[in-house]
Amino acid sequence: MKKLLFICLGNICRSPAAEGIMRTKIEEHYLDDAVVVDSAGIGAWHVGEAPDRRMQKHALKRGYDLSRLRARQFRSDDFDRFDYIVVMDEENYHDVMHRMPHTTTDAQYSAYHSKILRMKDYFSEYEGTESVPDPYYGGADGFELALDLIEDGCEGLLTRIIMRKSE
């Protein structure tokens, strides 16, 4: 079983959307028993809260129900709990890197480091886009763009997971 964790700043917009989208894609590919998905935020500001109502609204229009998700904060022990830790932007990448557990060997460091993935690396329709921008302070277009990018990235990431499963 592969375990996948999506990370954004507060865990109320991008990462819960990624969690909801990936859960749907996993169900569509009948991989419920093969892949576990979660999301977390760098900060603790929204712990226990539901995703942003605007993200919920835009996601629901596309068939993704995020209403039961609740924000939690990323912890260093997530490195041991998850196989893939997928960040939405470079700031998230650096924050996750700084939270990597202290290791005593190069092999441990390499194992933890290899788990950190950038969502942008799985874009196919939006190749060349550098991140999934945070829509929190913007309007409807920002939420729609974030969802477009996340759908694209989740499709590419799921393809990678499926390919690795068959190896």
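## Pockets

The second largest pocket of this predicted model holds about 180 Å³ of space. Its lining includes a run of residues from the early part of the list: Cys-8, Leu-9, Gly-10, Ile-12, Cys-13 and Arg-14. Trp-45, His-46, Asp-134, Tyr-136 and Tyr-137 line this pocket too. By class, seven lining residues are nonpolar, two are polar and two are charged.

The largest pocket has about 230 Å³ of space. Gly-20, Arg-23, Thr-24, Glu-27, Tyr-64, Asp-65, Arg-68 and Leu-69 line it. Here the split is two nonpolar, two polar and four charged residues.

## Cavity

How many cavities of 30 Å³ or more are there? The count is one. The volume of the largest cavity is about 40 Å³.

Its lining consists of Val-87, Met-88, Asp-89, Glu-90, Arg-118, Met-119, Lys-120, Glu-130 and Ser-131. Five of these residues are charged, three are nonpolar and one is polar. Met-119 lines the cavity and also belongs to the largest nonpolar core.

## Nonpolar cores

In soluble globular proteins, nonpolar side chains tend to be buried together. The largest nonpolar core here has 37 residues. Which of them touch the most other members? They are Leu-4, Phe-6, Met-22, Met-119, Ile-150 and Leu-157. At least two residues of this core come from each of β1 (2-8), α1 (14-28), β2, α2 (53-61), β3 (84-87) and α6 (140-166). Helix α6 gives the largest share, with nine residues.

Leu-157 shows how the core is joined. Beyond its neighbours within four places in sequence, Leu-157 contacts Leu-4, Phe-6, Met-22, Val-86, Leu-117 and Tyr-122. Another core lies apart from the largest one and has 15 residues. Leu-5, Ile-42, Ile-85 and Ile-116 are among them.

## Two buried residues

Val-35 sits in strand β2, which spans residues 35-41. Is Val-35 buried or exposed? It is buried, because its relative accessible area is 6%, against a cut-off of under 20%. Not counting residues up to four places away in sequence, Val-35 touches Lys-2, Ile-26 and Ile-161. The C-alpha atoms of Val-35 and Leu-158 are 9.3 Å apart, although 123 residues separate them along the chain.

Glu-19 is part of helix α1. Its relative accessibility is 4%, so Glu-19 counts as buried. Residues up to four places away in sequence aside, Glu-19 touches Phe-6, Val-37, Asp-38, Ser-39 and Leu-69. Two of these partners appear above: Phe-6 is in the largest nonpolar core, and Leu-69 lines the largest pocket.

## Helix α4

Helix α4 covers residues 90-98. Which of its residues are buried? Asn-92, Tyr-93, Val-96 and Met-97 are. Why do they line one face of the helix? Seen down the axis of α4, the buried residues fall within an arc of 135°, so they line one face.

Several elements cover these buried residues. Among them are the strands β1, β3 and β4 (116-118). The cover also includes the helices α1, α3 (78-81) and α5 (106-115). Of these elements, β1, α1 and β3 each also supply at least two residues of the largest nonpolar core.

Notes:
Residues numbered from 1 in each chain as written. Predicted model: local features only at pLDDT ≥ 70, side-chain atom pairs only at ≥ 80, totals over all residues. Heavy atoms only, no water. Helix = DSSP H or I, 4+ residues; strand = E, 2+ residues; numbered from the N terminus. Buried < 20%, exposed > 50% of the residue type's maximum accessible area, 1.4 Å probe, protein only. Contact = heavy atoms within 4.5 Å. Core = buried A, V, L, I, M, F, W, Y, C linked by side-chain atoms within 4.5 Å. 1 Å grid on protein atoms, 1.4 Å probe; cavity = no way out; pocket = protein on both sides within 12 Å on 5 of 7 lines; lining within 4 Å. Points joined across faces, edges and corners; volume = space filled by probe spheres on them. Nonpolar A, V, L, I, M, F, W, Y, C, P; charged D, E, K, R; others polar. Arc of directions from axis to C-beta.
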